[in-house]
Amino acid sequence: MRDLYNSCDYENSGARPDAYANFGRGRMAELQIKPGTKLQMAFDVPMGQKTEFNMMATYKEAVDDAYFLISVPMLAGKPLLLDENQKFLMQYGVGENTFVLAGYPEEVVKAGIRTYWKMRQVAEQRTFFKRRDERFKVSMRLEYQRDNDDSDETEDGMTIDLSAGGLAMYLNDFPDVGEALQVQLPSVRVQGERHELPVQLGIVCWMRQAPKGSLYRNVCGLQFRYADDLEREAVKEYMGYVRAKYKI
């Protein structure tokens with residue numbers, strides 16, 4: 001099992017069903033999931049703890065834009081008892097990509113001789129892209145601007161991890177998933193030489209609340225979008241300088 005704490009493919013949220021709960025509404029029709037799809041399930045855990053996808057279930061069907069049915073999850077050969085306060089992560093594959101849903105069970109539904117859980121989808125919906133770029137954890141201050149913001153003012157944030165494909169960061173804003181951010185990473189000095197990277201365009205892959213006690217309110221993952229291969233190579237070179245500076 002890969003380390004799930006990274007730029008666009010980790011899922012360790014501790015968010016509860018508050019203002020974030022409505023975020024996933026209206027998205028069930030967009031999911032690339034078919035009836036009969038096998039789901040690997042995990043209990044949601046606080047950030048920093050390992051996510052264990054050690055339960056199995058089967059996707060039945062969507063009920064509406066926010067709810068869907070799954071078979072009762074099995075753990076060690078035994079069915080789970082429904083706990084409406086327990087958040088679950090549900091992982092499934094489509095081609096080379098792996099997707100993750102998050103949701104809460106709300107009720108037991110009987111359909112003939114079969115029993116299902118009615119799940120309410122919440123904020124997190126992830127895509128695990130087949131990764132070409134190795135990530136590494138590093139904390140660096142950065143500045144960003146929402147792409148649809150007409151002002152010249154920037155907000156500050158802090159990286160959690162980096163790769164040539166994207167990053168995870170702390171921030172106080174709450175941009176929408178799919179929104180574009182203009183990100184300015186800091187200059188890096190290595191062996192007396194200063195190395196800078198132009199502003200990068202990043203697409204928000206996921207959003208959630210930061211753990212209690214953090215300096216920032218939220219955490220998000222960005223996937224970089226490059227105009228051409230030259231931009232990608234420039235970012236990869238910059239990542240090399242970051243590794244050298246912080247001896248990673």
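The exercises below, each with a worked solution, concern a predicted model.

Residues are numbered from 1 along each chain as its sequence is written, and side-chain values use heavy atoms, with hydrogens and water left out. Local features need pLDDT of at least 70 and side-chain atom pairs count only at pLDDT 80 or more, whereas totals for chains, interfaces and linings use all residues.

**Exercise 1. The nonpolar core**

Task: State how many residues the largest nonpolar core has, and which elements supply it.

Solution.
Step 1. A nonpolar core is a set of buried Ala, Val, Leu, Ile, Met, Phe, Trp, Tyr and Cys residues joined through side-chain atoms within 4.5 Å. Buried means under 20% relative accessible area, exposed means over 50%, and partly exposed lies in between (1.4 Å probe, protein chains only).
Step 2. The largest such core has 26 residues, and L162 and L185 are those with the most contacts inside it.
Step 3. At least two residues of this core come from each of β10, β12 (166–171), β13 (180–184), β14 (188–190), β16 (200–209), β17 (218–224) and α1 (229–246). These helices (H or I, at least four residues) and strands (E, at least two) are DSSP runs, numbered from the N terminus.
Step 4. The largest share, four residues, is supplied by α1.
Step 5. As general background, nonpolar side chains tend to be buried together in soluble globular proteins.

**Exercise 2. L181 and a patch of charge**

Task: Determine whether L181 is buried or exposed, and identify the patch to which D149 belongs.

Solution.
Step 1. L181 is placed in strand β13.
Step 2. L181 counts as buried because its relative accessibility is 0%.
Step 3. L181 and D149 are 32 residues apart in sequence, and their C-alpha atoms are 9.5 Å apart in space.
Step 4. D149 gathers with D150, D152, E153 and E155 in a patch of negative charge on the surface. Patches are made of residues with over 30% relative accessible area and no salt bridge; like charges are joined within 9 Å, and nonpolar side chains (Val, Leu, Ile, Met, Phe, Trp, Tyr) within 5 Å. Asp and Glu count as negative and Lys and Arg as positive, while His and the chain ends are not counted.
Step 5. Within this patch, D152 is found in the loop between β10 (141–146) and β11 (155–163). D152 counts as exposed because its relative accessibility is 74%.

**Exercise 3. Salt bridges**

Task: Count the salt bridges and describe the pairs formed by E107 and by R141.

Solution.
Step 1. A salt bridge is a side-chain nitrogen of Lys or Arg within 4 Å of a carboxyl oxygen of Asp or Glu. By this rule the count is six.
Step 2. E107 pairs with K118 at 3.7 Å, N to O. This pair links distant parts of the chain, with E107 in strand β7 (residues 97–111) and K118 in strand β8 (residues 114–128), 11 residues apart. E107 is partly exposed, since its relative accessible area is 38%.
Step 3. R141 pairs with D156 at 3.6 Å, N to O. R141 lies in strand β10 and D156 in strand β11, 15 residues apart, and this pair too links distant parts of the chain. R141, at 49% relative accessibility, counts as partly exposed, as does D156 at 37%.
Step 4. A further bridge joins E196 and R194 at 3.2 Å, N to O, and both of these residues are exposed.
Step 5. R146, D173 and E179 are joined into one network by salt bridges that share partners.

**Exercise 4. Positive phi values**

Task: For A76 and K247, give the phi value and the place in the chain.

Solution.
Step 1. A76 is not a glycine, yet its phi is positive, at about 55°. A76 is found in the loop between β4 (74–75) and β5 (78–79) and counts as exposed at 74% relative accessibility.
Step 2. K247, also a residue other than glycine, has a positive phi near 55°. K247 is in the segment after α1 and is exposed, with a relative accessible area of 75%.

**Exercise 5. Pairs separated in sequence**

Task: Give the C-alpha separations of Q191 from A244 and of K38 from Q91.

Solution.
Step 1. Q191 is in the loop between β14 and β15 (193–195), and its relative accessible area of 81% makes it exposed. The C-alpha atoms of Q191 and A244 are separated by 9.4 Å, with their positions 53 residues apart along the chain.
Step 2. K38 is in strand β1 (residues 38–43) and is exposed, with a relative accessible area of 54%. K38 and Q91 are 53 residues apart in sequence and 8.6 Å apart in space, C-alpha to C-alpha.

Technical notes: Areas by Shrake-Rupley, 256 points an atom, 1.4 Å probe, with all protein chains shown as cover. Charge placed at Lys NZ, Arg CZ, Asp CG, Glu CD.
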